[in-house]
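Me: I'd like to learn how to read packing features off a model. Could you walk me through this one?

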Amino acid sequence: MKLHLQATDYGKLLTSAEDDLTVSLVDLKLRQNLMTEFSCLRSNALPPLSTFLDYITYSYMIDNVVMLISGALRHREVAELLPRCHPLGAFDQMAAVGIARTPTELYSAILVDTPLAQFFQDAVSESSLDDMEAEILRNKLYKAYLESFHSFCQNMGGATKDVMCPILEFEADRRAFIITVNSFGTDLSGADRSSLYPSCGKLHPEGLRLLAKAEEHEQVKAVADSYPDYKIIFEDPEPGSDFKTLEDRFFEQEVKLNALAFLQQFHFGVFYSYVKLKEQESRNIVWIAECVTQRQKSKIHNYIPIFQ
Amino acid sequence: VSLQQGQKIKNYTLFVVFVQIGGLPACLFCVCRAQTIMKARLKGAQTGRNLLKKKSDALSMRFRQILRKIIETKTKMGEVMREAAFSLAEAKFAAGDFSTTVIQNVNKAQVKVRAKKDNVAGVTLPVFEHYQEGGDSYELTGLARGGEQLSRLKRNYARAVELLVELASLQTSFVTLDEAIKITNRRVNAIEHVIIPRIDRTLTYIITELDEREREEFYRLKKIQEKKKQLRERTDKEIAERLAKLGPIAEPANMLTEETDEDLLFE
């Protein structure tokens, strides 16, 4: 595998590694690569591009913050958690968030120090920080983030709006579908669920209401049928073709939309698509590496192809 | 009393021997009693040996069963672990890196193991069974991405843990049974090759002693009879000699046949 990768841009990364190439090492290196490229772009950016690029980092920041919060609430060492944060989501006061011991400290630390303050304000109050599940917190923050990003893109106008808004709408609807499907059989009730659905997608408001009431897969499918884009995703596969999971099909659609971004010029959407596609690429590489290590050669082709 | 070379005699038989040297007639009872005691011991040893052999057979049978199951479980284990590791890769592909979330949310064990005791032919074997406690604290992980793969992953690893627990209990019983079988076999062999021959030899020794004593008695009796006969012959001969020397033996006057009594002064 090393041989093939050397032909691409990643060649320089892996030659410096030691002889035994583990999958986690590959993953780490790819992530570092993405980080360096992104910081290069970011340092050369002026507003409004810089704000746009910041928005891209916010999603990783949310993941990092949620992890730090749950770590702090369980009194774990900050030093342990910091290296595990996604590098794209790093911000200056990350350490401060980790040091806070009580929920009050945490809340004030986050509000003051992090750029995520705006998302916290709408969604989360101080008392709920303590007992909320990490997942629910993450999803609420992400909902606020998506909506804010969407309105930002709409304000930018022009080609950016034409390219970014479909992508973001798709992301919002995808989250709504997946949250619904995954919450069958868990304690998450319909009302709780609807507070997690981002409202900037095509499904808003009718579809979201129907989804909140749905209790099984068939009902979700019925909701999807009324929107032609999503009908294809939920269709049953033809007999004889490879079975793809719902997630895989959503991934494919996302990749398609991101690739479309490259067809237009002079807009910021390219940066977003670039980051997302690079991420997908590293995921594909890691998948192939895992298949090779575990000798499951037949499953190697289950990655998501980009630019077919 | 001759002590044959190399004959191992137990302590109390030695006591019997000493008593024999003393020559008291009362020791005869001791020896007979010793013989019955020895016979009883022999019987006891033989029964003990049979029982132990049966125990060893039962344990060996169970041992072989367990061995077969271990082989089965190990091959299944290989398959299951492979599948589980692969589903981990799939889940990582779909959901991103959720390892930190998982590590953060660890507080109590969900699957616990209980140890119970099983009895096979008198040997207690530990048996482990797993039980679930508390709800699934990772229900909501992967809510937004990769939930399906995550639930499949959880199922696969749960199955792997079940198999592991089973394998653990099989292996501990294997080791315990092995020990028990070795001990039992050692005991069976000890009884068969050491204790029983020893008792046999003691028994034969006692019997030979008794026989010898009988023969001694017999010989003594014979000797005494001979001696008595000789003595009688000798005394008879002496009397005959003396009689011959004295001539015709004046028989002492028979008072009853006397017609005149010289002592009578007046008739």
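Reply: Sure. Helices here are DSSP runs of H or I, at least four residues long, numbered from the N terminus. Keep in mind that this is a predicted model.

Me: Let's start with one residue, then. Where is Tyr55(A) placed?

Reply: In chain A, Tyr55(A) belongs to helix α4, residues 49-73.

Me: Is Tyr55(A) buried or exposed?

Reply: The general idea is a cut-off: under 20% relative accessible area is called buried. Tyr55(A) has 9%, so it is buried.

Me: And which residues is Tyr55(A) in contact with, leaving aside neighbours within four places in sequence?

Reply: Tyr145(A), Ser148(A), Phe149(A) and Phe152(A). To get a feel for the fold there, take Leu146(A): 91 residues separate it from Tyr55(A) in sequence, while the C-alpha to C-alpha distance is 9.3 Å.

Me: There are a lot of rings in that list. How many aromatic pairs are there over all chains?

Reply: Two rings count as a pair if their centres lie within 6.5 Å. By that rule the count over all chains is 8. One of them joins Tyr55(A) and Phe149(A), a stacked pair with 4.9 Å centre to centre and 5° between the planes. Tyr55(A) sits in helix α4 of chain A and Phe149(A) in helix α10 (residues 134-156) of chain A, so this pair ties together parts 94 residues apart in sequence. Both Tyr55(A) and Phe149(A) are buried.

Me: Which residues do ring pairs link into a cluster?

Reply: The cluster takes in Phe52(A), Tyr55(A), Tyr58(A), Tyr142(A), Tyr145(A), Phe149(A), Phe152(A) and Tyr272(A). Tyr142(A) also has a charge to look at: the charged end of Arg175(A) sits over its ring, 3.8 Å from the centre. Chain B has a case too, with Arg114(B) over the face of Tyr131(B) at 4.1 Å from the ring centre.

Me: How should I read the nonpolar core? Which residues touch the most other members of the largest one?

Reply: The general idea first: in soluble globular proteins, nonpolar side chains tend to be buried together. Here the largest nonpolar core has 65 residues, and Phe52(A), Phe149(A) and Phe177(A) touch the most other members. Not counting residues up to four places away in sequence, Phe177(A) touches Leu203(A), Leu211(A), Val220(A), Ala224(A), Tyr230(A), Phe234(A) and Phe250(A). Another core, of 13 residues, lies apart from the largest one and includes Leu52(B), Val188(B), Ile196(B) and Ile199(B).

Me: What about a single helix? Which residues of helix α14 of chain A are buried?

Reply: In α14 (residues 217-225) of chain A, the buried ones are Val220(A), Lys221(A), Val223(A) and Ala224(A). They cover an arc of only 160° around the axis, so they are on the same side of α14(A). What covers them includes α11 (158-182), α13 (206-213) and α15 (228-234) of chain A.

Me: On to charges. How many salt bridges are there over all chains?

Reply: The rule asks for a side-chain nitrogen of Lys or Arg within 4 Å of a carboxyl oxygen of Asp or Glu. The search finds 15 over all chains. Take Lys143(A) and Glu147(A), whose closest N and O atoms are 3.5 Å apart. Both lie in helix α10 of chain A, 4 residues apart, about one turn of the helix.

Me: Which parts of chain B does the pair of Asp118(B) and Arg62(B) tie together?

Reply: Asp118(B) forms a salt bridge with Arg62(B), the closest N and O atoms being 3.1 Å apart. Asp118(B) is in strand β1 (residues 111-120) of chain B and Arg62(B) in helix α2 (residues 27-95) of chain B, so the pair ties together parts 56 residues apart in sequence. Asp118(B) is partly exposed at 29% relative accessible area, and Arg62(B) is partly exposed at 27%.

Me: And Glu90(B)? What does its side chain meet in a salt bridge?

Reply: Arg152(B), at 3.2 Å, N to O. Glu90(B) lies in helix α2 of chain B and Arg152(B) in helix α4 (residues 147-245) of chain B, so here the parts tied together are 62 residues apart in sequence. Glu90(B) counts as buried at 15%, whereas Arg152(B) is partly exposed at 29%.

Methods: Residues numbered from 1 in each chain as written. Chains lettered and ligands numbered in written order. Predicted model: local features only at pLDDT ≥ 70, side-chain atom pairs only at ≥ 80, totals over all residues. Heavy atoms only, no water. Helix = DSSP H or I, 4+ residues; strand = E, 2+ residues; numbered from the N terminus. Buried < 20%, exposed > 50% of the residue type's maximum accessible area, 1.4 Å probe, protein only. Contact = heavy atoms within 4.5 Å. Core = buried A, V, L, I, M, F, W, Y, C linked by side-chain atoms within 4.5 Å. Phe/Tyr/Trp six-rings, centres within 6.5 Å; stacked < 30°, edge-to-face > 60°. Lys NZ or Arg CZ within 6 Å of the ring centre and 35° of its normal. Arc of directions from axis to C-beta.
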